[in-house]
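Student: Could you walk me through this structure, one feature at a time? I would like to learn how to read each one.

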Amino acid sequence: MAPAPDASAPLGNGAPSVSATFELLGGYRLATDYPSEGLALVTDTDGFAVEAIAGAHVFEHALHVYSVREAFGPGRDVAAYPVVAPLRRWSVVASFPDWLTGQTLRDVAVHATPNGYEVAGIGRVFYNTAPRSTTQISVRELTASGTALGATRVIPVALPEQEFSGFIKHVDSRSDFSAIGAGAYDSGQGSVAGLSYAVRDATGGWQRLLTPPAFGDLSSARLPRDTGYSCPGGASWVCIPPAGGQGVWSTERIGGGGVRFGDVVLFIATLGYGEREYTRQSYTFGDPDADRAVAYFFRHDANGAVRFLGYDRWTPADEGHRVIGVALGRLRGVDGPLLFVTTAGAWGAGPAPTSPMLQVFRIR
């Protein structure tokens, strides 16, 4: 088992900062309430993104497909972003007949095929006191219009379903099915107290590059964070008190997967704040209005080693908003590569501000 990332590395030691690495160009408002996790991009024959597939309607367990051919609204004023309605709606279970019982979709990825493209889903169980030791990637080939072309296929993954439940995406989307990760908290003994990363080798097996501590392990090294929280009930799987002026990951959250550009791997996590305790039953067991999105940077070098670089506040998301999907791609007429990020709770298409925005960033 690979070791946990070095939590003793000083903050910002070689880490890219959010402001220096990403330039916010603008975004879209996605017309759906209560979105679920996941984000992928469908490209045209020239490799430019034309559609976005995003997790939608947690109660329906569905995916929505949106056009991104229209120009995005400029800057960070969400009210100025165009509202984009779904072109198509896909039931996850109907799209993937071999979907594992009890799992909800946590991320989605695509790559082009001669007849259209393949769409893949990966998931985990929300509350799981005995998580399966293996999981799978479910794949289906679709035409550009979303019509199924035949049999599905399954990529078996000999890694725990709770721990590995997102894709690590590249600008070359054909790599999307070969790297997975994310991990983080899901309620109960299925919780994962850190980030995960694994790649598939030529034999089809999976090599772990990042492995977080197991449930109940409060002594192994964990990722660092800031100290803006407290643990009234003392150290537990819900909350580990700061030590030596440094906060400690416990039940932080990661929506969707991550991205890799060059030798940098990026995850955008949601961290809890205030008094964190089990009785709160919130997204992070802290004050839900104070949750913050935080970028975690790693370096994946040419020798295959993965090193933790540091973390930085994801300032494009307001407090209480949650990043739930990331992808890399290009848009026609815009210098790339570009980072695409979906954030829940950014505006209100329905009775509450639960609807997501899809923002576009240039990677400097």
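Tutor: Let us go through confidence, sheets, aromatic rings and two single residues in turn.

Student: Where do I begin, and how confident is the model?

Tutor: Begin with the kind of model: this one is predicted. The protein chain has an average pLDDT of 90, and 96% of the residues score at least 70. Residues 1-13 need caution, since pLDDT stays under 50 there. For that stretch the model has 25 contacts beyond four places in sequence.

Student: Now the sheets. In what order do the strands of the open sheet run?

Tutor: The order is E2-E3-E4-E7, with 4 strands and antiparallel pairing. At the edges are strand E2 (39-43) and strand E7 (88-91), each of which pairs on one side only. From one strand to the next, the twist averages 25 degrees.

Student: How many bridges join strand E3 and strand E4?

Tutor: Strand E3 (residues 49-56) and strand E4 (residues 62-67) are joined by 6 bridges in the antiparallel sense. To find the register on screen, look for Ile 53, whose bridge partner in E4 is Val 65.

Student: How should I read the two faces of a strand?

Tutor: In a regular strand, side chains alternate between the two faces of the sheet. Strand E13 (residues 179-183) is a nice case to try, with 5 of its 5 residues buried. Ala 179, Gly 181 and Gly 183 are on one side of E13, Ile 180 and Ala 182 are on the other, and all are buried.

Student: Which strands pair with E13?

Tutor: Strand E12 (residues 166-169) pairs with E13 in the antiparallel sense over 2 bridges, and Phe 167 has Ile 180 as its bridge partner in E13. Strand E14 (residues 195-200) also pairs with E13 in the antiparallel sense, over 5 bridges. There, Gly 183 of E13 has Leu 195 of E14 as its bridge partner.

Student: Let us move to aromatic rings. What describes a ring pair?

Tutor: A pair of aromatic rings is described by the distance of the centres and the angle of the planes. A search of the whole structure finds 16 aromatic pairs. Take Phe 22 and Phe 261: their ring centres are 5.8 Å apart and their planes stand at 75 degrees, so this pair is edge-to-face. The cut-off behind that reading is an angle over 60 degrees.

Student: Which parts of the chain does the pair of Phe 22 and Phe 261 tie together?

Tutor: Phe 22 belongs to strand E1 (residues 22-30) and Phe 261 to strand E20 (residues 258-261), so the pair ties together parts that are 239 residues apart in sequence. Phe 22 counts as buried because its relative accessibility is 5%, under the cut-off of 20%. Phe 261 is also buried, at 13% relative accessibility.

Student: What about Trp 249 and Tyr 296?

Tutor: Trp 249 and Tyr 296 form an edge-to-face pair, at 5.4 Å centre to centre and with 85 degrees between the planes. Trp 249 is in the loop between strand E18 (247-248) and strand E19 (253-254), while Tyr 296 is in strand E23 (residues 292-300), so the pair links parts that are 47 residues apart in sequence. Trp 249 is buried at 0% relative accessibility, and Tyr 296 is buried with a relative accessible area of 0%. Ring pairs join Trp 249 and Tyr 296 with Phe 267, Phe 298, Phe 308 and Tyr 311 in a cluster.

Student: Where do I find a charge over a ring?

Tutor: Look at Arg 225, which lies over the face of Tyr 273 at 4.7 Å from the ring centre. Then turn to Arg 322: its charged end sits over the ring of Tyr 283, 4.4 Å from the centre.

Student: Let us finish with single residues. Is Ser 36 buried or exposed?

Tutor: Ser 36 counts as buried, at 13% relative accessibility, and its place is in the loop between E1 and E2. Beyond four places in sequence, Ser 36 touches residues including Gly 55, His 57 and Ile 324. Ser 67 is 31 residues from Ser 36 in sequence and 18 Å away in space, C-alpha to C-alpha.

Student: And how far is Phe 297 from Val 264?

Tutor: Phe 297 and Val 264 are 33 residues apart in sequence and 6.8 Å apart in space, C-alpha to C-alpha. Phe 297 is in strand E23 and is buried at 0% relative accessibility. Phe 297 touches Val 264, and among its other contacts beyond four places in sequence are Phe 22 and Phe 308.

Note on methods:
Residues numbered from 1 in each chain as written. Predicted model: local features only at pLDDT ≥ 70, side-chain atom pairs only at ≥ 80, totals over all residues. Heavy atoms only, no water. Pairing = 2+ DSSP bridges. Axes fitted to C-alpha atoms, helices over the stretch in contact; angles between N-to-C directions. Phe/Tyr/Trp six-rings, centres within 6.5 Å; stacked < 30°, edge-to-face > 60°. Buried < 20%, exposed > 50% of the residue type's maximum accessible area, 1.4 Å probe, protein only. Lys NZ or Arg CZ within 6 Å of the ring centre and 35° of its normal. pLDDT = per-residue confidence, 0-100. Contact = heavy atoms within 4.5 Å.
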